[in-house]
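Q: Please take a close look at one part of this structure and what surrounds it. How is the part enclosed, and what lies next to it?

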Amino acid sequence: MYGLSEADRRIRDTARDFVDSLIPLEVSAELAGGLLPKEVTAEHRSRAIELGLHGTNMPTSVGGPGYTALQQVLVQEQCGRATNGLAWVMATPPQWWADVATDYQRERWLLPSVRGEKHEAYAITEEFAGSDVSALATTARREGDEYVVNGVKWHVTSYNLAHYCFVQAVLVGGEFAGQHVLLVVDLPWPGVEVVRTPQYSHHIADEHPIVAFTDVRVPVANLVGAEGEGMTFTQDWFRFERLMVAARCVGAAQRLLDEVAAFANERVVDGKPLGQHQLVAGMLADSATELFAARTLLYEVARSIDGGADRKTLHAQASMAKLYCSEMAGRAADRSVQIFGGRGYMRENVAERMYRELRVERIWEGASEIQRLIVARQLLNRGPAAVLEGARA
């Protein structure tokens, strides 16, 4: 099915079995605000590393498993089946860093991240710069062997668990004034302070605080790539993460369909299983059909990456995958809550948790509206063949 090789299926099944071991802990995590005992989370992280499920996007040159894009998708699809971020221990450090990291950056941050010893956060989004990162207001000014960074970042996911963060800023002065840089900042670090930590709809261990950078001095050695290249790395990260979001949404939709189909078979209403009532049967059929279409799209885009499709084509196709899979999963969650009825509104029910958790998938890493603009722009500028087939217009 789906043209998976034996190696692909082995990786998928390993990830599925691992996630199955996490699912029984979901309700406990939910009722504890997303937290599990630290020793339990540490055990899960160690197990993920042992099974080859951590850093699946990292090449063998830095100690990663060197999985294909399709295999990475298969792992993250299983990640999406668990609520409360429990499967986030199958982390994916920034895949683009392996090609541009200096020896210093490689030893200090990259290799420890691949080994699971360090974890990163991204400080990119701002109050008035979300999906459009070209509107960033955070600045970086070169002073000798340091950059001085000033600005406030929003939704810095995993900041509370991170050992370092990537900060994107606009250069002030110099040859590349007005262009972007990406800097690595160790945490904690002088001048970096949490303004506040908002509460979100989901309950996971990873917080998303608002973080202020006030006259933060960052050594030039912490510059990723070169001045003016910051946007390139962010776009690469967005393209990768959009595909991983799509994969996790497909996994979530599969979990929902499994759970609600079983319930619809067991629940008897008016003398027959709930699923035999036509309106409910229609909802199940819609969820199954959309899931099949979404998974097929997702795998095809991953294969395009493995096949070496050009950068612009992949940018549009990753946006299509993120757009369709995230919206599909939202519809599947809504239908599942409806089919479960009152049970679907209980926090102990997977549909209720998924309903809350999946909503953000249409927002972060570029809102659905941004994905539509990206696809339309490519379509109009390069033609349908370039977007749908990867052919050059």
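A: A residue is buried if its relative accessible area is under 20%, exposed if over 50%, and partly exposed in between, using a 1.4 Å probe and protein chains only. The model is predicted, so local features need pLDDT of at least 70 and side-chain atom pairs pLDDT 80 or more, while totals for chains, interfaces and linings use all residues. Residues are numbered from 1 along each chain as its sequence is written, and side-chain values use heavy atoms, without hydrogens or water.

The part chosen is helix H10, residues 350-357; helices are DSSP runs (H or I, at least four residues) numbered from the N terminus. H10 is largely enclosed by the rest of the structure, because seven of its eight residues are buried. The buried residues of H10 are Val 350, Ala 351, Met 354, the charged pair Glu 352 and Arg 353, and also Arg 356 and Glu 357. Helix H2 (26-31), H7 and helix H9 (311-340) are among the elements that cover them, with contact meaning heavy atoms within 4.5 Å. At the N-terminal end, H10 is capped by Asn 349, which places a side-chain oxygen 2.7 Å from the backbone nitrogen of Ala 351; the limit for such a polar contact between N or O atoms is 3.5 Å.

H10 also borders an internal space. The whole structure has one cavity of 30 Å³ or more, a cavity being grid points (1 Å grid) where a 1.4 Å probe fits but cannot get out, lined by residues with an atom within 4 Å of a point. The volume of the largest cavity is about 230 Å³, taken as the space filled by probe spheres set on the points. Its lining has 17 residues, and Glu 357 is one of those closest to the centre, along with Ala 82, Gly 85, Trp 88 and Glu 361. Glu 357 is thus listed both there and among the buried residues of H10.

Helix H7 (230-266) and H10 each supply at least two lining residues, and H7 gives the most, with three. By class, the lining holds 10 nonpolar, four polar and three charged residues; Asp, Glu, Lys and Arg count as charged, Ala, Val, Leu, Ile, Met, Phe, Trp, Tyr, Cys and Pro as nonpolar, and the others, including Gly, as polar.

Elsewhere, Gln 72 in helix H4 is buried at a relative accessible area of 9%. Beyond four places in sequence, Gln 72 touches Phe 240 and Met 244, as well as Thr 56, Asn 57 and Tyr 67.

Notes: On a 1 Å grid over the protein atoms alone, a cavity is a set of points where a 1.4 Å probe fits but cannot get out, and a pocket is an open set with protein on both sides within 12 Å along at least five of seven lines; lining residues have an atom within 4 Å of a point. A polar contact is a pair of N or O atoms within 3.5 Å; within protein, one must be able to donate a hydrogen and the other to accept it, and residues adjacent in sequence count only if both atoms are side-chain atoms.
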